[in-house]
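Thanks for asking me to look this one over. My notes are set out as numbered points below, and I hope they help while you have the model open.

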Amino acid sequence: DTTASTWLTNLTFNAGNSFLNKADGAANINGNITLNGGNLTAGTETGLTGVGANQIADTSLITLNSGTLNFAGRNETIGSLVMNGGVFRTDTDTTTGLTGNKVVILGNATINAVGDNGGLIADNATVLSIGGNLTVGAQARVLANSSGTVNVGGGVELNGSTIRIASGSGASNFGLGGTVTTLAHGQAAVF
């Protein structure tokens, strides 16, 4: 489907599996997104190429409370991100082999307590670029896995949290345009 969606309201997703599978560049979601559970994935479950990239409005605020938002090897630009749980990942598409994608957050990203299996993840030769500041709260984590890259244009604030670079095989990168601030509450680590 190459026709952009004219639906301008916000999207709340509570459960199940859904795919952003319009043709690359055809806007699918024009408002903000709240993910309370389930899986929202760019692309298709059958592995079609040429679909799923740049489906979300560049001004969208994504609030991730639970569930998984996976860009599956597709490029995307969003306005800002608030994570209170769940998984936000750039990942590759194992059905098509798409890799090397770039996910851009134009503004700030705030990662609150997300648990051991959650977090903000740049995977498998993908790039996650945050134009503003990155705030990582207690028991939250940011990972640059398997040759993944995380770039932050602003500063980073850590509050009892972890940024892990080079988890897995391959050389991973973390670029920083500002300063790192660690707050006195708990431990903070970059490794």
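1. In the protein chain, 53% of the contacts with a separation of 6 or more are between residues 24 or more positions apart; contact means heavy atoms within 4.5 Å. This is a predicted model, in which local features need pLDDT of at least 70, side-chain atom pairs count only at pLDDT 80 or more, and totals for chains, interfaces and linings use all residues. Residues are numbered from 1 along each chain as its sequence is written, and side-chain values use heavy atoms, with hydrogens and water left out.

2. On confidence, the mean pLDDT of the protein chain is 82, and 82% of its residues reach 70 or more; pLDDT is the predictor's confidence in each residue, from 0 to 100. Among the elements, strand β19 (residues 189-190) has the lowest mean, 56, and strand β6 (residues 80-83) the highest, 96. Where pLDDT is low, the predicted coordinates should not be read in detail.

3. The protein chain has 19 strands and zero helices. Here helices (H or I, at least four residues) and strands (E, at least two) are DSSP runs, numbered from the N terminus. Buried residues make up 47% of the 191 residues, where buried means under 20% relative accessible area, exposed over 50% and partly exposed in between (1.4 Å probe, protein chains only).

4. One open sheet is built from five strands in the order β5-β8-β11-β14-β17, with parallel pairing; strands pair if DSSP finds at least two bridges between them. β5 (76-78) and β17 (173-176) stand at the edges with a single partner strand each, so one side of each has no neighbour in the sheet. Strand β14 (residues 149-152) pairs with β17 in the parallel sense over four bridges, and Asn151 stands opposite Gly175 in β17.

5. Strand β6 deserves a look of its own. Leu81 and Met83 point to one face and are buried, while Ser80 and Val82 point to the other and are not. In a regular strand the side chains alternate between the two faces of the sheet. Strand β4 (residues 61-70) pairs with β6 in the parallel sense over four bridges, with Leu61 opposite Ser80. Three bridges join β6 to strand β9 (residues 109-111), again running parallel, and Val82 stands opposite Thr110 in β9.

6. How is strand β13 (residues 141-145) placed, enclosed or open? Four of its five residues are buried, so β13 is largely enclosed by the rest of the structure. Three bridges join β13 to strand β10 (residues 119-122), and the two run parallel; the bridge partner of Ala122 in β13 is Ala144.

7. The largest nonpolar core has 35 residues, and those with the most contacts inside it are Leu81, Phe88, Ile111, Leu120 and Leu134. Such a core is a set of buried Ala, Val, Leu, Ile, Met, Phe, Trp, Tyr and Cys residues joined through side-chain atoms within 4.5 Å. Not counting residues up to four places away in sequence, Leu120 touches residues including Leu81, Phe88, Ile111, Leu134 and Val142.

8. The structure holds one aromatic pair. Phe71 and Phe88 form this edge-to-face pair, 5.3 Å centre to centre with 65 degrees between the planes. Rings of Phe, Tyr and Trp (its six-membered ring) pair if their centres lie within 6.5 Å; planes under 30 degrees apart count as stacked, over 60 as edge-to-face and the rest as tilted. Phe71 lies in the loop between β4 and β5 and Phe88 in strand β7 (residues 87-89), so the pair ties together parts 17 residues apart in sequence. Phe71 is buried, with a relative accessible area of 1%, and Phe88 is buried at 0%.
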